[in-house]
Each structure stands twice: as structure tokens, then as C-alpha cells.
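Got the viewer open? Load the model, switch to cartoon, and follow along stop by stop.

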Amino acid sequence: MAKRVKIWQCGKCAFFKRTSDVESVGECHRYPPKVASKRGEDRKMLADVFPKVSEDNFCGEYQNKDFYKTFLES
Ligand code: SF4
């Protein structure tokens, strides 16, 4: 039986930035951050946010980070 291998994964993408040492989550930096309101201690504040993604997820904008490493090192 053929073994399924995940090729596209946020965790292997050039645009993925890990944000936790404990969970398998990070931010997608493919596009600029969006401005969103967020609740501070006593009032709403504006913050720039990147989409949160799981390292097992993927999208059609995936770019293998190893490709960029090879390109930059040559
Ligand atoms: S959402 Fe798409 S572009 Fe963003 S890190 Fe995941 S695969 Fe890469």
C-alpha cells in the first residue's frame, strides 16, 4: 500500500513564521498584515495581525522554503 506523504505544509513554507514552541502553530506572512481591533485591558485597540495557521495546513500560495535557501546560498 502506498504511503501518503504531505508535500505542501505551512510548516515547510517560506512564508510560515512559527509563533509557539509548544503548539504547531504560526503566522502566514505571504501578504501584509491586516489591521484589526482587539480588546485591551480597558478599551479597544488597533493591532496589525497575520493569519494564524497550523503547520499541517496549506494553501495554493505555498512556496517551499528549501528552494529559497538554495537560491540564496548559490
Ligand atoms: S497559508 Fe499558504 S502561504 Fe501561508 S504559510 Fe501556509 S502554505 Fe504558506
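How many of the 6 residues of E4 are buried? The count is 0, and E4 is hardly covered. Keep in mind on this tour that you are looking at a predicted model.

**Stop 1: the whole chain**

Zoom out before going further into the strands. You should see 1 helix and 5 strands in the protein. Colour from the N terminus on and the elements come up as β-β-β-β-β-α. Now turn the C-alpha trace around: along its principal axes, the protein spans about 55 × 35 × 25 Å. The radius of gyration is 16 Å, whereas a compact globule of 74 residues would have one near 11 Å. If you colour by burial, 7% of the 74 residues in the protein come out as buried. Switch to a contact view next. Take the contacts between residues at least 6 apart in sequence: 52% of them join residues at least 24 apart.

**Stop 2: the hairpin**

Select residues 34-39, which are strand E3, and add residues 44-49, strand E4. Together, E3 and E4 make a hairpin, with 4 residues between them. The two strands run antiparallel and are joined by 6 bridges. Is E3 in the open or covered? None of its 6 residues is buried, so E3 lies largely in the open. E4 has the count of 0 buried residues that you met at the start.

Now pick out single pairs across the hairpin. Arginine 39 has lysine 44 in E4 as its bridge partner. Then click on alanine 36, which sits in strand E3. Opposite alanine 36 stands alanine 47 in E4. Draw a distance between the C-alpha atoms of alanine 36 and alanine 47: you should get 5.5 Å, for two residues 11 apart in sequence. Which residues does alanine 36 contact, once its neighbours within four places in sequence are left aside? They are Ala47 and Val49. Alanine 36 has 10 C-beta neighbours inside 10 Å, and because the cut-off for exposed is 12 or fewer, alanine 36 counts as exposed.

**Stop 3: the sheet**

Leave the hairpin and select E1, E2 and E5. These 3 strands form an open sheet in the order E1-E2-E5, with antiparallel pairing. At the edges are strand E1 (16-18) and strand E5 (52-54), each pairing on one side only. Look at how the strands cross: on average, neighbouring strands of this sheet are turned by 45° against each other, direction ignored.

Now zoom in on residues 25-28, strand E2, where the pairing with E5 is antiparallel over 3 bridges. For one of the pairs here, show glutamate 27 and its bridge partner in E5, lysine 52.

**Stop 4: around the ligand**

Finish by displaying the ligand and the side chains around it. Which residues should you select? The set is Cys10, Cys13, Phe15, Phe16, Cys28, Arg30, Val53, Asn57, Phe58, Cys59, Glu61 and Tyr62. Colour this shell by class and you get 9 nonpolar, 1 polar and 2 charged residues. While you are here, note that Cys28 belongs to this shell and that residue 28 also lies in strand E2. Val53 is in the shell too, and residue 53 falls within strand E5.

Conventions: Residues numbered from 1 in each chain as written. Predicted model: local features only at pLDDT ≥ 70, side-chain atom pairs only at ≥ 80, totals over all residues. Near = placed C-beta within 6 Å. Nonpolar A, V, L, I, M, F, W, Y, C, P; charged D, E, K, R; others polar. Pairing = 2+ DSSP bridges. Axes fitted to C-alpha atoms, helices over the stretch in contact; angles between N-to-C directions. Buried ≥ 20, exposed ≤ 12 C-beta atoms within 10 Å, placed from the backbone. Rg over C-alpha atoms; globule rule 2.2 N^0.38 Å. Contact = placed C-beta atoms within 7 Å.
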